[in-house]
Amino acid sequence: MSRLPNFSALRAFEAAARHANFSRAADELHVTHGAISHQVRKLEEELGTVLFQRNGRHVTVTPQGRQFALALGKAFADIATAAQAARPDAASTRLTITSLPSFAARWLAPRLGHFIERHPGIEVVLQTSGSLQDLAAEGIDVGIRFGRGHYPGLLVQPLMGDVYYPVCSPRYRGGQLPATPADLAHATLLRSIEPWQPWLAAAGLPLSEPAGGVLYEDLSMLIRSAIDGDGVALARHVVVLQELAAGRLVRLFGTVAPSADSYYLVSPPAVADRQPVRAFRAWLHDEIAAFQAQDALLT
């Protein structure tokens with residue numbers, strides 16, 4: 001235990017890596033930008049490795065830092081779950097949710113306040129993971145998954161679909177953005193585990209799947225790279241709306257490609273009738289219905 005790094009430094013680093021921004025991490029932890037920077041520097045010195053590349057006030061998490069941050073995020077989620085379980089009567093009022101990091105950060109988390117206002121007696125634990133989890137074995141009540149809907153051993157309910165389209169920073173190449181889909185032949189196309197080819201086919205572009213460079217497994221990292229002006233990203237509508245509304249990204253062209261995958265709510269049968277699960281299921285369907293009613297692309 002004596003070899004563990006300072007806990008405050010770990011929290012500061014994990015928040016800074018998750019937001020890719022020291023100021024947002026400072027807001028989350030209710031400290032100053034300088035305090036976050038100081039804690040991260042101390043952690044880097046203690047570990048003997050660089051966790052962020054710095055360019056003025058702009059920071060980019062290093063590959064080593066990204067892996068460390070993912071491990072810390074899971075560890076903090078485990079601590080939160082254990083702490084909730086230790087509280088009196090926590091088991092009857094606690095709701096543990098797992099979701100893809102991109103969907104959790106950019107769609108679910110900003111709306112969870114509505115659920116808490118409606119059900120103030122329910123303790124909510126939100127975990128994020130990019131891999132499939134054994135919900136029953138890990139004590140998770142509900143999961144939101146993105147796929148084809150085949151999840152053996154779980155109760156599965158469809159939530160909504162999604163579509164893809166290209167986005168980039170308004171500062172990309174000095175503001176000289178691609179004017180037509182054909183201009184993408186000369187653009188830097190950022191890569192993720194979700195291929196460009198369906199959208200290229202929908203746009204009638206005879207281009208090959210981009211190769212080389214970084215392959216992002218986490219859409220949040222892909223979106224961050226696009227915000228930084230590294231290239232054009234193929235983004236899912238639901239998870240990129242927040243960045244479009246803030247002006248950090250702009251949508252290119254009118255062509256969309258429907259996703260073959262959809263969002264599903266899953267739950268182990270043994271906990272599906274718990275009051276917190278039933279409350280969350282009803283709220284989530286209402287929230288998605290309201291979202292779709294306002295969103296032309298998903299109605």
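**Exercise 1. Find what glutamine 39 touches, leaving out residues up to four places away in sequence.**

Step 1. Contact here asks for heavy atoms within 4.5 Å. By that rule, glutamine 39 touches Asn6, Ser8, Ala9 and Ala12. A word on the ground rules: this is a predicted model, in which local features need pLDDT of at least 70 and side-chain atom pairs count only at pLDDT 80 or more, while totals for chains, interfaces and linings use all residues. Residues are numbered from 1 along each chain as its sequence is written, and side-chain values use heavy atoms, with hydrogens and water left out.

Step 2. Place the residue: glutamine 39 is found in helix α3 (residues 33–47). Helices (H or I, at least four residues) and strands (E, at least two) are DSSP runs, numbered from the N terminus.

Step 3. Check its exposure. Buried means under 20% relative accessible area, exposed over 50%, and partly exposed in between, with a 1.4 Å probe and protein chains only. Glutamine 39 has a relative accessible area of 19%, so it is buried.

**Exercise 2. Work out where glycine 231 lies and which residues it is in contact with.**

Step 1. Look in the loop between α9 (219–227) and β10 (233–236): glycine 231 is there.

Step 2. Its relative accessibility is 0%, so glycine 231 counts as buried.

Step 3. Set aside neighbours within four places in sequence, and glycine 231 is in contact with Val167, Cys168, Tyr172, Thr188, Leu190, Ser225 and Ala226.

Step 4. Now pick a residue along the chain: alanine 272 is 41 residues from glycine 231 in sequence, and their C-alpha atoms are 43 Å apart in space.

**Exercise 3. Describe strand β3 (residues 94–99) and the strands joined to it.**

Step 1. Start with burial: six of the six residues of β3 are buried.

Step 2. Sort the side chains by direction. In a regular strand the side chains alternate between the two faces of the sheet. In β3, Arg94, Thr96 and Thr98 point one way, and Leu95, Ile97 and Ser99 point the other way.

Step 3. Turn to the partners; two strands pair if DSSP finds at least two bridges between them. Strand β4 (residues 123–128) runs parallel to β3 and is joined to it by six bridges. Strand β5 (residues 142–147) also runs parallel to β3, with three bridges.

Step 4. Check the register on your screen. Serine 99 stands opposite threonine 128 in β4, and threonine 98 stands opposite glycine 143 in β5.

**Exercise 4. Count the salt bridges, then examine the pairs of arginine 18, lysine 74 and arginine 248.**

Step 1. A salt bridge is a side-chain nitrogen of Lys or Arg within 4 Å of a carboxyl oxygen of Asp or Glu. The count by this rule is twelve.

Step 2. Arginine 18 pairs with glutamate 28, their closest N and O atoms being 2.9 Å apart. This pair links distant parts of the chain, ten residues apart: arginine 18 is in helix α1 (residues 7–19) and glutamate 28 in helix α2 (residues 22–29). Arginine 18 is partly exposed at 45% relative accessibility, and glutamate 28 is partly exposed at 33%.

Step 3. Lysine 74 meets aspartate 78 at 3.3 Å, N to O. The two are four residues apart in helix α4 (residues 63–86), so about one helical turn separates them. Lysine 74 is exposed at 53%, whereas aspartate 78 is partly exposed at 38%.

Step 4. Arginine 248 pairs with glutamate 243, the closest N and O atoms being 2.5 Å apart. Glutamate 243 is buried at 3% relative accessibility, while arginine 248 is partly exposed at 28%.

Step 5. Finish with shared partners: salt bridges join Glu14, Arg18 and Glu28 into one network.

**Exercise 5. Locate two residues with positive phi, histidine 30 and phenylalanine 253, and decide whether each is buried or exposed.**

Step 1. Histidine 30 has a positive phi of about 60° although it is not a glycine. Find histidine 30 in the loop between α2 and α3. Its relative accessible area of 72% makes histidine 30 exposed.

Step 2. Phenylalanine 253 has a phi near 70°, again positive in a residue other than glycine. This residue lies in the loop between β11 (250–251) and β12. At 17% relative accessibility, phenylalanine 253 counts as buried.
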